[in-house]
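Please find below a colleague's note on aromatic contacts, written for a reader with the coordinates open.

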Amino acid sequence: MGRVCSRGKAHWNGPGRTSSIIKTGICSLNGRYCTYDSETTDEEVKEHGGFDEEEPEVDSGSEMSSDGDNPFTDDFLQGSDDGEKGSDVDSDSDVSDIEEKSRAIDEEKAREEEDAEAELQLNIKEEADEFRLLTKEELEEESHRPPDLPNLQRRIKEIVRVLSNFKSLRQEGATRKDYIEQLKIDLGSYYGYNEFLISVLVEMFPVVELMELIEAFEKPRPICLRTNTLRTRRRDLAGVLLNRGVNLDPLSKWSKVGLVVYDSQVPIGATPEYMAGYYMLQSASSFLPVMALAPQEKERIVDMAAAPGGKTTYAAALMKNSGVIFANEMKEPRLKSLTANLHRMGVTNTIVCNYDGRELPKVLGHNTADRVLLDAPCSGTGVISKDESVKTSKNLDDIQNSSRLQKELILAAIDMVDANSKSGGYIVYSTCSIMIPENEAVIDYALKKRDVKLVPCGLDFGRPGFIRFREQRFHPSLEKTRRFYPHVHNMDGFFVAKLKKMSNSKPTPTASKTSETVDQGPGPIDSSSVKNAEGDFQQHSKERAKKENSRGDFRQHSKERANKENGSLENGFPENGKDEFPSATIKRKKRKVPSRTEISKAREEKRQDLREQKRKSFMDKKGARKKGASIK
């Protein structure tokens, strides 16, 4: 039950156990010298009585000495008392030693932390001092050697670090321009961009965000599926694909039909569900233009650049195969994929046509569509992760040519939309480019040339478009446009804008001039011939006003110039033989557009005539065969 030492204390060992007693030695429980009898049991421990007091034990010792008159016992007991006093002193000294050692350890630890912090600051200072911009001779020498990729990567990181805290880390005598020029050279060498494209990206983004964007372009985007709601539901499709070994999740909260695929044990583009048209392989960014367009049932929709059919089939699914969609594609080889996807997805309300998008107003008619989707051809600078040739193949001329084509296409799209549509009157413009001349500059041009305004896209994420960039100033409403980046939204670089057509009339140059003074700040946007003509007109009008000092002559001259420009630059105006623009609008309003029922009736009559002609020709051939047989 307990262990009894010479101090008269009982040390607990546990119930029912005996203690193996050593005669003399250090007690394992209190760290002091103790003397023990032989093995003690629970009964022997109880006989000692006062375990908590030291006096009874001392008395018992004295009785033993008096009875037995044993000097060895007296000496032993006396020695034990002296040892007890010495042990108290030793224990106090041990405690003080432990405290001193603990304080020494704490002081040493604090000293090490101070030394580590000082060394860290010294290393940072040495690193800052180590990096120096290369001289012209060193750059020339480096250009003749193969690129040292680890050295380029280290130098890029150092330049980014310096530019992020330029005042304190810059090299004496070096300007920010020097660092940026060196950064352009290193980024072009390390990632494979040409000088033009990397210069534009450096101007558009801060250096830290630029590095995130470039790194995002080096990684592929997630594989996404769009559920075809004409054939199935997303929940059912996800269950079937999971059973086939496809690891997937819902795309995001903003999409009710999207699925993102992480990995698959089967080819995701060759499953029976894919062949049956249950889903479409489509990037997440391609969902956005159709969501912004928001087509309604029984509407007349035009998709000006439809191939390979992802956006067209999505619009058809939203319309539940009602109404009509004109899916136009200019490049004839791409019509095969467009028609194949339309058939596979079960779309029945779409008419495929092959025209130049700029000529569509002449084919389909002016002011005849409820909504128009223009996913314009562009430079593809937002999808570098899919096509790395963009890094080196695009230059300033390509961007300007794309911008010029996009301006012509967006004017054609606006001309096709009916401003008086009860449910529509909207144009959605989108590109897979992040270049400002292909996006904000095109929308700003459309705002000047047509009576349209920007409206919210209906997308609750994405960055707003630029309203100013370097010397350029755009309409303030361009904040309603949306930009999407791979390093921010984990999708391809994309631009989406939604326009509402206010009237079917085209404004005169004078009207566009007044709208510029109200809504638009100064600053050149592009160098197209139409803008140059408009600038010449304004300058010439001012000079005429100063020379003639006659308001009436100036107005007459401006009307004549307006008529000339409208005749030479704008397509689709009816020829009216008069100089006044309002008369053209009056005649256009009087122009009667046939209704859909009339058009369908006329088509049916043509079909009946064709059938009748075929039947007659067949009967004639049959009669001729009979005559020939009778003659034989």
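The points below concern ring pairs, burial and charges over rings in this predicted model.

1. In total, the model contains 10 aromatic pairs. One of them joins Trp 254 and Phe 287, whose ring centres are 6.3 Å apart with 80° between the planes. The arrangement is edge-to-face, because planes over 60 degrees apart fall in that class.

2. This contact connects distant parts of the chain, the two residues being 33 residues apart. Trp 254 belongs to the loop between β6 (246-250) and β7 (258-264), whereas Phe 287 lies in helix α12 (residues 287-293).

3. Both partners can be assessed for burial. Trp 254 has 18% relative accessibility and therefore counts as buried, since the cut-off is under 20%. Phe 287 is also buried, its relative accessible area being 0%.

4. A further pair is formed by Tyr 274 and Tyr 279, with ring centres 5.6 Å apart. Their planes meet at 55°, so the pair is classed as tilted. Tyr 274 and Tyr 279 are both buried.

5. Which residues form one aromatic cluster with Trp 254? The other members are Phe 287, Tyr 314, Phe 461 and Phe 484. The edge-to-face pair of point 1, Trp 254 and Phe 287, is thus to be viewed within this cluster.

6. Two charged side chains deserve inspection alongside the ring pairs. The charged end of Arg 176 is placed over the ring of Phe 166, at 4.6 Å from the ring's centre. Lys 407 is positioned over the face of Tyr 445, 5.2 Å from the centre of that ring.

Key
Residues are numbered from 1 along each chain as its sequence is written. This is a predicted model: local features need pLDDT of at least 70, side-chain atom pairs count only at pLDDT 80 or more; totals for chains, interfaces and linings use all residues. Side-chain values use heavy atoms; hydrogens and water are left out. Rings of Phe, Tyr and Trp (its six-membered ring) pair if their centres lie within 6.5 Å; planes under 30 degrees apart count as stacked, over 60 as edge-to-face and the rest as tilted. Helices (H or I, at least four residues) and strands (E, at least two) are DSSP runs, numbered from the N terminus. Buried means under 20% relative accessible area, exposed over 50%, partly exposed in between (1.4 Å probe, protein chains only). A charge sits over a ring if NZ of Lys or CZ of Arg is within 6 Å of the ring centre and within 35 degrees of the ring normal.
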